[in-house]
Amino acid sequence: MKEPMAGSESCPESALERGRSTHECHAPGRGIANKLGLGISLLALLWPLPASSQVQDLYRITGGSFADHVEYHRVDLPPGKELVLANLAGPGKITYFYYTDDSNSHRTDGTGFMYPGLVLKVYWDDAPQPSIQIPLWNFFGAFDRKTIDYQSLPMQINHYCYMSYLPMPFSQRARLVLANDGNEQYSRSVAWGIDYEKDPSLATEQSRLHAAWNRSNPTQNGIHRILEVQGKGQYVGNFLQVNTRYEGWWGEGDTIFQADGKTLTHTPGTEDEYGSTWGFEHTYSYVYSGYIQMDEGKNRMYRWYLANPVRFQNSLIVDIQNQRYNGQQTSSQDDYTSVAFWYQEGAHPAPPLQPYAERAAESKGATYPRSMQR
């Protein structure tokens, strides 16, 4: 366990006994873990680069041409039905994708604000199964029917505009589909747009973007699994929503990679993984990491491994521990939801998506006795 830094604002014992949350003070310590020792190699062509590199490379002329697909109209999508957002011919690379609807003006009628029954499916080339199958709003980092504006390098939300800048190469075809697997009809004015490059050189590019959604409601054995994948590729980031009823410091859990069978503890505590240390004192939104929600019992964060992708040749498992501090590190049973993003050689089916009823269910996280909240 780490001792408080000299001069840091760690919680006094009296405050901890009263069950103060980490929104009010720092946790007194966290588990020690080895830092990840993965070597960082040069990023491959088409890889998302730091913002400075993107600007510096703007002068480069390629053999590609700009194209886009934009629509703005009423969408009526009954339960069980799908709508093709775009069917793009390759070879090409999606460089920007945004989606919005007018549900912010219709929060109490129809499906309300941010209807959770919408699922984004993305098919690469002629694959029969989608490689991305994610609840639509969660793909952009919005959860629990609450949108929060933030700015990160590959993803952003600005005033109900949900945006992705993750590059998505494809050789033959890219098909983006909106599905309604909920129990209500989705009827809204909708706008979406896709910018992409058409470039013959991408005909031989094998990398494809994949994404996986998972909810542990509640976690079992103090572990939430963010990703489990077989093959060759690199993991580039995630969103994480943690809903807890614990009034003290909930974020003792480490992030653990099992890369090609080798176990690597990446960071000694949840806040370290998401760009902070010694607790989350306030919300923030930066290019590689962010902690954007600090409501009572609700915590939302993101982490991007763009300059340091987690490369794997055969397999990768990503877990995060669910642990609280009550005088010592103790496993919890909170409600964790995550979206993981990775690139992989070839198009592979996305993991099965949990049914709508499970995705939309009320939190089943544990309730902790106040006497245990230290």
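In this predicted model, the side chain of Ser 338 makes a polar contact with the side chain of His 224, at a distance of 2.8 Å. Ser 338 belongs to strand 24, which covers residues 335-345, and with a relative accessible area of 0% the residue counts as buried, because the threshold for that class is a value under 20%. Once neighbours within four places in sequence are set aside, the residues in contact with Ser 338 are Ala 212, Trp 213 and Asn 214, then His 224 together with Arg 225 and Ile 226, and finally Phe 239 and Leu 240.

From the surroundings of Ser 338 the description can move to a sheet. Strand 13, residues 223-230, is one edge of an open sheet, and strand 16, residues 262-267, is the other, each of them pairing on one side only. The sheet consists of 4 strands in the order 13-21-15-16, with antiparallel pairing, and its twist averages 15 degrees from one strand to the next. Within this arrangement, strand 15, made up of residues 255-259, runs antiparallel to strand 16 and is joined to that strand by 5 bridges; Phe 257 stands opposite Leu 264, a residue of strand 16.

The protein as a whole contains 24 strands and 5 helices. Of its 374 residues, 55% count as buried, while the area that the protein exposes comes to about 16,000 Å², with 50% of it supplied by carbon and sulfur atoms. Where contacts link residues at least 6 apart in sequence, 80% of them join residues at least 24 apart.

How values were computed:
Residues are numbered from 1 along each chain as its sequence is written. This is a predicted model: local features need pLDDT of at least 70, side-chain atom pairs count only at pLDDT 80 or more; totals for chains, interfaces and linings use all residues. Side-chain values use heavy atoms; hydrogens and water are left out. Two strands pair if DSSP finds at least two bridges between them. Helices (H or I, at least four residues) and strands (E, at least two) are DSSP runs, numbered from the N terminus. Axes are lines fitted to C-alpha atoms, for helices over the stretch in contact, and angles run from 0 to 180 degrees between N-to-C directions. Buried means under 20% relative accessible area, exposed over 50%, partly exposed in between (1.4 Å probe, protein chains only). Contact means heavy atoms within 4.5 Å. Accessible areas come from the Shrake-Rupley method with a 1.4 Å probe; for residues, only the protein chains shown count as cover. A polar contact is a pair of N or O atoms within 3.5 Å; within protein, one must be able to donate a hydrogen and the other to accept it, and residues adjacent in sequence count only if both atoms are side-chain atoms.
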